[in-house]
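Q: Please take a close look at a single strand of this structure and explain how it sits among its neighbours.

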Amino acid sequence: QVQLVESGGGLVQAGGSLRLSCAGSGIIFSSTGMGWYRQAPGKQRELVAFISVGGFTLYEDSVKGRFTISRDNAKNTVSLQMNSLKPEDTAVYYCNVYPPNLRVRGSLYWGQGTQVTVSS
């Protein structure tokens, strides 16, 4: 059974930092591209960072230079280091494969996410 567990979110002041982590079971992270996504209230979920099997990374324009995605294949984890946080980064953050195509009992699977709140 696939399971993704995100952690590390919290409340932080603008300019602060957080490090998110994602642990997976039922899926081997090293065999697939992975992404961090976020969904702000009233908005659609969006991809903010991607890391390929070979370690190539891509970032959404608004987070370039501030966020860094990394993976630890030995631990089957993916992390997102977030620096210089802004109030507009406030959202629930999720990790998932890219593209997100994991299904559990026929439905597209997402973990519970981790809430990031940045105060001004």
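A: The following account describes one strand, its partners and the sheet around them.

The model is predicted: local features need pLDDT of at least 70, side-chain atom pairs count only at pLDDT 80 or more, and totals for chains, interfaces and linings use all residues. Residues are numbered from 1 along each chain as its sequence is written, and side-chain values use heavy atoms, with hydrogens and water left out.

Strand 9 covers residues 91–97; helices (H or I, at least four residues) and strands (E, at least two) are DSSP runs, numbered from the N terminus. Six of the seven residues of strand 9 are buried, so this strand is largely enclosed by the rest of the structure. Buried means under 20% relative accessible area, exposed over 50%, and partly exposed in between, with a 1.4 Å probe and protein chains only.

Two strands pair if DSSP finds at least two bridges between them. Strand 9 pairs with strand 4 (residues 34–39) in the antiparallel sense over six bridges, and Val-97 of strand 9 is the bridge partner of Met-34. Strand 9 also runs antiparallel to strand 12 (residues 114–119), to which three bridges join it; here Val-92 stands opposite Gln-115 of strand 12.

Beyond these partners, strand 4 pairs with strand 5 (residues 46–51), again antiparallel, over five bridges. Arg-38 stands opposite Glu-46 in strand 5.

Together, six strands form an open sheet in the order 2-12-9-4-5-6, with mixed pairing. Its edges are strand 2 (10–13) and strand 6 (57–59), each of which pairs on one side only.
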